[in-house]
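Student: Hey, can you walk me through this one? I'm new to it, so plain words please.

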Amino acid sequence: MAFKSDWKYDVWKEGEFLDLWHINHILAGCLLAFVSSYYKWPFLIGLLVTFILSLSWEVYELIKHIKESILNRILDIATTFAGFFIIHYVYNVLSNSSKIILFVVILISWLSLESWGYIAYNKIKNEIVYKK
C-alpha cells in the first residue's frame, strides 16, 4: 500500500547538493559555538570539537545506510561550520539576556526541525518499503 505524497514530508527528501537538513546543520553549528563560547574554549578547540562531532554524524549516517551524495555530506559539514562561525563572531557583542534568548530560540528551532525531519524520514522510508 503506497501513501499519498505530502509536502510536509517531501521537503525533507535528500537533495544532491542542498536540502532542508542543512538548516539543521547550521543550527547545530550555532549550538556548538554557544557551548564553546560559554565555556571559553579556545577558538581552535571549539572548531575541532565541531569538526569531530560533524564528521562523526556523517560516519553514523554512512553506517545507517542513509543515502546522500558525497557533495551533500561535505556541505553538511560546511554548513555546520557556517553556524559555528556565525555565533562565534557575534557571541561577544550580545548581552547576556540576548545570548540566552538566542540560544533558546536556536535550540527550540533545532529540536523542532530535527523532530519534523525524523518523522518525515521514517514516513518516506516506510513508503519505500511498502512500494517494494
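Student: Which residues of H2 are buried?
Tutor: The buried residues of H2 are Trp 21, His 22, Asn 24, His 25, Leu 27, Gly 29, Cys 30, Leu 31, Ala 33, Phe 34, Ser 36 and Ser 37. Buried means under 20% relative accessible area, exposed means over 50%, and partly exposed is in between (1.4 Å probe, protein chains only). H2 is a helix by DSSP: helices are runs of H or I with at least four residues, strands are runs of E with at least two, and both are numbered from the N terminus.

Student: And where do these numbers come from?
Tutor: This is a predicted model, where local features need pLDDT of at least 70, side-chain atom pairs count only at pLDDT 80 or more, and totals for chains, interfaces and linings use all residues. Residues are numbered from 1 along each chain as its sequence is written, and side-chain values use heavy atoms, with hydrogens and water left out.

Student: How many helices and strands are there in the protein chain?
Tutor: Five helices and zero strands. From the N terminus on, the elements run α-α-α-α-α. The chain has 132 residues, and 32% of them count as buried.

Student: Back to H2. What span should its 18 residues have?
Tutor: They should span 26 Å at 1.5 Å a residue, and the end C-alpha atoms of H2 are 26 Å apart, which agrees. The expected span is 1.5 Å times one less than the number of residues.

Student: How far does H4 reach from its first C-alpha to its last?
Tutor: H4 has 21 residues and reaches 31 Å, close to the 30 Å expected. Its buried residues include Asp 76, Phe 81, Gly 83, Phe 84 and Ile 87.

Student: Pick a residue in H2. Is Asn 24 buried or exposed?
Tutor: Asn 24 counts as buried because its relative accessibility is 2%. Asn 24 and Gly 83 are 59 residues apart in sequence, but 9.5 Å apart in space, C-alpha to C-alpha.

Student: What about Ser 36, what is it in contact with?
Tutor: Leaving aside its neighbours within four places in sequence, Ser 36 is in contact with Trp 41, Gly 46 and Phe 84. Contact means heavy atoms within 4.5 Å. Ser 36 is in helix H2 and is buried, at 2% relative accessibility.

Student: Where is Thr 50, and what does it touch?
Tutor: Thr 50 is in helix H3, residues 43–63, and it counts as buried at 1% relative accessibility. Leaving aside neighbours within four places in sequence, Thr 50 is in contact with Leu 32, Thr 80, Phe 81 and Phe 84.

Student: What share of the contacts join residues at least 24 apart?
Tutor: Among contacts between residues at least 6 apart in sequence, 77% do.

Student: New topic. Which residues have the most contacts inside the largest nonpolar core?
Tutor: Phe 34, Ile 87 and Ile 106 do, in a core of 13 residues. H2, H4 and H5 each supply at least two residues of this core, and the largest share, five residues, comes from H2. A nonpolar core is a set of buried Ala, Val, Leu, Ile, Met, Phe, Trp, Tyr and Cys residues joined through side-chain atoms within 4.5 Å.

Student: What is Ile 87 in contact with?
Tutor: Leaving aside neighbours within four places in sequence, Ile 87 is in contact with Cys 30, Ala 33, Phe 34, Leu 102 and Ile 106.

Student: Okay, loops. What is the phi of Lys 40?
Tutor: Lys 40 has a positive phi of about 55 degrees although it is not a glycine. Most residues other than glycine have a negative phi. Lys 40 is in the loop between H2 and H3 and is exposed, with a relative accessible area of 70%.

Student: And His 65, where is that found?
Tutor: His 65 is in the loop between H3 and H4. Its phi is positive too, near 60 degrees, and His 65 counts as exposed at 64% relative accessibility.
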